Amino acid sequence: MTDHAVSRVVVVGAGHAGDTFAALLRQAGFVGELIVFGDEPEPPYHRPPLSKEFLDGPLEKWLREPTFYAEQGVTLRLGEAVVEIDRAAATVTSSAGLVWSYDYLVLATGAASRALLVSGADLDGVGMLRSLADARALRRRVLGACSVAVVGGGYIGLEVAAGVRAKGRPAAVVEREERLLARVASPELSRILARHHAERGTAVLTDSVVRGFEGEAGRLRAVVVTGPGGEERRAWCDAAVVGIGAVPRDELARAAGLSCNNGIVVDELARTDDVRILAIGDVTSRPVRGVAGRMRLESIPGAVEQARQAVATVLGRPAVGREVPWFWSDQFDLKLNITGVLRGQFETVLRGDPGAGRFSLFHHHDARLVAVETANAPADFMVGRRLLASGQPVDPVRLADPRVGLRDLVTA
Ligand SMILES: Cc1cc2nc3c(=O)[nH]c(=O)nc-3n(C[C@H](O)[C@H](O)[C@H](O)COP(=O)(O)OP(=O)(O)OC[C@H]3O[C@@H](n4cnc5c(N)ncnc54)[C@H](O)[C@@H]3O)c2cc1C
């Protein structure tokens with residue numbers, strides 16, 4: 001399909017991926033009709049601040065000026081979900097009962113917080129964090145709480161715990177795995193962050209499983225945890241946040257018979273197995289630079305990259321180059337920047353001083369970098385990204401030698 005045949009593009013999901021796609025498509029000169037459905041009532045907003053600044057300042061950080069959509073001829077249909085796709089007719093049906101045809105359909109439905117299926121998870125005081133509505137509820141809950149339990153030691157859980165401690169309230173992080181961030185960070189970073197949080201008063205419980213919550217008159221009063229030795233204990237708390245990962249919202253795609261495997265399966269041009277349907281963002285299982293097969297990335301840079309891919313496909317333009325994945329997180333005074341993907345075997349070189357709050361972890365295998373994790377070291381992060389992007393060999397001995405400047409490794 002070429003640009004000339006495309007008169008209407010329908011986007012499902014007004015999150016970071018869908019919104020960026022619409023903006024970039026217009027910027028690239030698309031003159032047809034552009035309709036974006038969002039099931040949330042608010043205009044597209046930034047999610048990262050929801051776990052980083054949820055106790056201070058405005059939560060509503062819109063992605064664009066309110067006038068942007070009308071000026072750019074983007075029809076935003078907010079508070080209206082797409083409930084069905086008819087691939088044969090190339091139409092979608094919305095929750096308002098309206099049927100819309102499309103030349104291209106872009107699925108950008110994101111992900112949902114994974115539910116914790118234990119008793120008491122429905123008590124008043126227990127919640128998750130994905131949307132603006134969740135963040136507003138979390139703020140109320142935490143500000144009115146005496147003690148907060150965070151279930152899940154992933155990035156979102158740790159950011160929330162740091163926010164709670166910054167307000168001086170007791171916080172405990174309960175993590176099932178033997179270390180924090182087990183799926184996404186190196187063991188070294190996990191150790192450093194566990195120490196950083198513990199030193200700032202967070203109770204970090206690893207190898208510990210939440211069995212349930214207990215309440216009184218419908219209100220949360222305690223979390224029940226089984227520890228590493230199998231011992232059960234009750235910790236008093238009056239607010240709890242469950243941050244145990246996210247699941248792709250691929251139900252529409254599955255119902256329409258598109259290939260899904262932990263997300264909608266797409267190629268490096270955001271194409272599904274239907275030529276008229278593209279998918280982008282957290283909902284996709286996609287090829288990622290430096291990783292064999294496919295994976296689901298949950299990050300803003302990943303969503304933006306795929307929005308660019310989808311624009312190229314709709315306009316019949318050349319594919320955009322694949323980017324090295326990256327991500328950021330703020331925890332207390334640490335501004336973390338992470339690039340690359342940790343899989344399989346690797347060795348680690350530490351530069352800087354974790355105790356001083358400024359360090360970089362360079363992970364390498366077979367004389368190539370595979371990932372870089374930095375804290376308060378933006379220059380190291382930039383060098384790491386360049387080394388990963390170029391794929392050039394690195395000498396582990398020089399990498400580990402503090403007398404060798406990192407920039408010299410790029411040009412060497
Ligand atoms: C608390 C939090 C903190 C984060 N921090 C960071 C960070 O520091 N750095 C980083 O890189 N990433 C971060 N992320 C991840 C990042 O926000 C996501 O990767 C990004 O939002 C993905 O964009 P998306 O458009 O794919 O999904 P989303 O932003 O989830 O948007 C999808 C939208 O589609 C809507 N939708 C779903 N189904 C339908 C339907 N049928 N009809 C209409 N609308 C529908 C959803 O309600 C949602 O509004 C964070 C995420 C969260 C939740």
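**Loops, helices, cores and the ligand site**

With a relative accessibility of 64%, over the 50% cut-off, D366 counts as exposed. The model is a predicted one, and D366 sits in its loop between β25 and β26 (368-375). The backbone here is a bit unusual: D366 is not a glycine, yet its phi is positive, near 55°. For context, most residues other than glycine have a negative phi. A270 also has a positive phi, near 65°, without being a glycine. That residue belongs to the loop between β18 and β19 (277-279). Is A270 buried or exposed? Its relative accessibility is 0%, so A270 counts as buried.

On to the packing. The largest nonpolar core has 34 residues, and the members that touch the most others are F54, V160, L189 and L336. Several elements put at least two residues each into this core, including the helices α4 (132-143), α5 (155-166) and α6 (187-199) and the strands β10 (148-151), β11 (171-174), β16 (239-242), β23 (334-340) and β25 (358-365). The largest share, five residues, is supplied by α5. A second core of 28 residues lies apart from this one, with V6, A17, Y104 and V106 among its members. In soluble globular proteins, nonpolar side chains do tend to be buried together. Back in the largest core, L336 has plenty of company: leaving out neighbours within four places in sequence, L336 is in contact with Y155, L189, L193, F327, W328, S329, Q331, T374 and A375. One of these, L189, is itself listed with L336 among the residues that touch the most other core members.

Two helices are worth a walk-through. The first is α8, which covers residues 300-314. Why should α8 span 21 Å? At 1.5 Å a residue, its 15 residues are expected to cover that length, and the end C-alpha atoms are indeed 21 Å apart. Most of α8 is covered, with 13 of the 15 residues buried. Its N-terminal end is capped by S299, which has a side-chain oxygen 3.0 Å from the backbone nitrogen of G302. After the helix comes G316, with a positive phi near 65°. A residue of another helix reaches this part of the model too: T20, in α1 (residues 16-27), touches V304 and A307, as well as R64, once residues up to four places away in sequence are set aside. T20 has a relative accessibility of 8%, under the 20% cut-off, so T20 counts as buried.

The second helix, α9 (residues 378-390), passes the same kind of check: 13 residues at 1.5 Å each should span 18 Å, and the end C-alpha atoms are 18 Å apart, which agrees. Which residues of α9 are buried? They are D380, F381, V383, G384, L387 and L388. These cover an arc of only 165° around the axis, so they lie on the same side of α9. That fits the general geometry: an α-helix has 3.6 residues a turn, so residues three or four places apart point the same way. G391 follows α9 and has a positive phi, near 70°.

W326 touches residues next to or within both stretches. This tryptophan is in strand β22 (residues 326-331) and, at 22% relative accessible area, is partly exposed. Not counting residues up to four places away in sequence, W326 touches S299, P301, N337, I338, T339, F381 and R385. The C-alpha atoms of W326 and I300 are 8.7 Å apart, although 26 residues separate the two in sequence.

L258 gives a loop example. It falls between α7 (251-255) and β18 (264-265), and its 5% relative accessibility means that L258 counts as buried. Apart from residues up to four places away in sequence, L258 touches R87, L107, A253, T272, D273, D274 and I277. The last of these, I277, is 19 residues from L258 in sequence and 9.1 Å away, C-alpha to C-alpha.

Finally, the ligand. There are 33 residues around the ligand, and D39, E40, R47, K52 and R130 come nearest. In D39, a side-chain N or O atom is 2.4 Å from an oxygen atom of the ligand. The side chain of D282 likewise places an N or O atom 2.7 Å from a ligand oxygen. V82 uses its backbone instead, with an N or O atom 3.0 Å from a nitrogen atom of the ligand.

Notes: Residues numbered from 1 in each chain as written. Predicted model: local features only at pLDDT ≥ 70, side-chain atom pairs only at ≥ 80, totals over all residues. Heavy atoms only, no water. Helix = DSSP H or I, 4+ residues; strand = E, 2+ residues; numbered from the N terminus. Expected span 1.5 Å × (residues − 1). Buried < 20%, exposed > 50% of the residue type's maximum accessible area, 1.4 Å probe, protein only. Arc of directions from axis to C-beta. Core = buried A, V, L, I, M, F, W, Y, C linked by side-chain atoms within 4.5 Å. Contact = heavy atoms within 4.5 Å. Near = heavy atom within 4 Å. Polar contact = N/O pair within 3.5 Å; in protein donor to acceptor, adjacent residues only side chain to side chain.
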